[in-house]
Amino acid sequence: VSILIISHDGIGTSLIDTAKHMISHCPLTIEILDTNLEYDPDELYTTAFSLVEKIDQGDGILILTDLFGSTPSNIAHRLSERNNINVVTGINLSMLIRILNYPHLNLESMTKKAFSGGIDGIKINSGDIS
């Protein structure tokens, strides 16, 4: 399974750089498309489509985005209309580390692992939350 991260303003690059530092090697094919508000959504889609074509090895592509409903998420949704592409939004470091530790999983299992890694990495560390 290959990974495409579509995010705002360097978020994807920062996360993957940190994850690679923590893991020390990257066992998956990963491409990053960092966007900003100046980019035209149609041009971003064309670039993302090209990246999908580049990294597709036949085992599926997992697209990770930062914010549901945003331009990166909408581009990912359009790409997911193709077969063998899944999307998980809300990327965080926990999610990324989790999937890097399970590079052998198929697309469906990796999608679930990304989701659980993201959720499991969110904790409230306080005894008195109102």
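Which residue forms a salt bridge with Arg78? In this predicted model, the partner of Arg78 is Asp42, and the closest N and O atoms of the two are 3.7 Å apart. Arg78 belongs to helix H3 and Asp42 to helix H2, so this pair links distant parts of the chain, 36 residues apart. Arg78 is partly exposed because its relative accessibility is 36%. Asp42, at 48% relative accessibility, is partly exposed as well.

**Salt bridges**

The whole structure holds 4 salt bridges. Among them are the three pairs in the table below.

| Salt bridge | Closest N and O atoms |
|---|---|
| Arg78 and Asp42 | 3.7 Å |
| Arg82 and Glu53 | 2.7 Å |
| Arg98 and Asp120 | 3.3 Å |

The second row joins Arg82 to Glu53. Arg82 lies in the loop between H3 and strand S4 (85–89), while Glu53 lies in helix H2, so the pair ties together parts that are 29 residues apart in sequence. Arg82 has a relative accessible area of 26% and is therefore partly exposed. Glu53 is partly exposed too, at 43% relative accessibility.

The third row joins Arg98 to Asp120. This pair also links distant parts of the chain: Arg98 is in helix H4 (residues 93–100) and Asp120 is in helix H5 (residues 107–120), 22 residues apart. Arg98 counts as partly exposed because its relative accessibility is 22%. For Asp120 the value is 40%, which again means partly exposed.

**Rings and charges**

Arg78 has a second partner besides Asp42. The charged end of Arg78 sits over the ring of Tyr45, 3.8 Å from the ring centre. A like arrangement involves Lys113, whose charged end sits over the ring of Tyr102 at 4.1 Å from its centre.

How many aromatic pairs does the model contain? The count is 1. The pair is made by Tyr45 and Phe49, whose ring centres are 6.2 Å apart; the planes stand at 35° to each other, and the pair is tilted. Both residues lie in helix H2 (residues 41–55), 4 residues apart, which is about one turn of the helix. Tyr45 is buried because its relative accessibility is 18%, and buried means under 20%. Phe49, with a relative accessible area of 31%, is partly exposed.

**Ser7 and Asp66**

Ser7 lies in strand S1. Is Ser7 buried or exposed? Its relative accessibility is 0%, so Ser7 counts as buried. The side chain of Ser7 makes a polar contact of 2.7 Å with the side chain of Asp34. Leaving aside residues up to four places away in sequence, Ser7 touches Gly12, Leu33, Asp34, Thr35, Asp66 and Pro72.

Asp66, one of these neighbours of Ser7, is found in the loop between strand S3 (61–65) and helix H3 (71–79). Asp66 is buried but has no salt bridge. The nearest side chain of opposite charge is that of Arg78, 16 Å away, whereas a salt bridge needs a nitrogen and an oxygen within 4 Å. What the side chain of Asp66 does make is a polar contact with the side chain of His8, at 2.8 Å. Beyond four places in sequence, the residues that Asp66 touches are Ile6, Ser7, His8, Ile11, Pro72, Gly90 and Ile91.

**Helix H4**

Which residues of H4 are buried? They are Met95, Leu96, Ile97, Ile99 and Leu100. The elements covering these buried residues include strand S1 (2–8), H1, S2, S3, S4 and H5. At the start of H4, a side-chain oxygen of Asn92 comes to within 3.2 Å of the backbone nitrogen of Ser94.

**Pro27**

Pro27 is found in the loop between helix H1 (11–23) and strand S2 (30–35). Pro27 counts as partly exposed because its relative accessible area is 34%. When residues up to four places away in sequence are not counted, Pro27 touches Leu100 and Pro103. Leu100 is one of the buried residues of H4. Pro27 and Gly118 are 91 residues apart in sequence, and their C-alpha atoms are 19 Å apart in space.

Methods: Residues numbered from 1 in each chain as written. Predicted model: local features only at pLDDT ≥ 70, side-chain atom pairs only at ≥ 80, totals over all residues. Heavy atoms only, no water. Phe/Tyr/Trp six-rings, centres within 6.5 Å; stacked < 30°, edge-to-face > 60°. Helix = DSSP H or I, 4+ residues; strand = E, 2+ residues; numbered from the N terminus. Buried < 20%, exposed > 50% of the residue type's maximum accessible area, 1.4 Å probe, protein only. Lys NZ or Arg CZ within 6 Å of the ring centre and 35° of its normal. Lys, Arg positive; Asp, Glu negative; His and termini not counted. Polar contact = N/O pair within 3.5 Å; in protein donor to acceptor, adjacent residues only side chain to side chain. Contact = heavy atoms within 4.5 Å.
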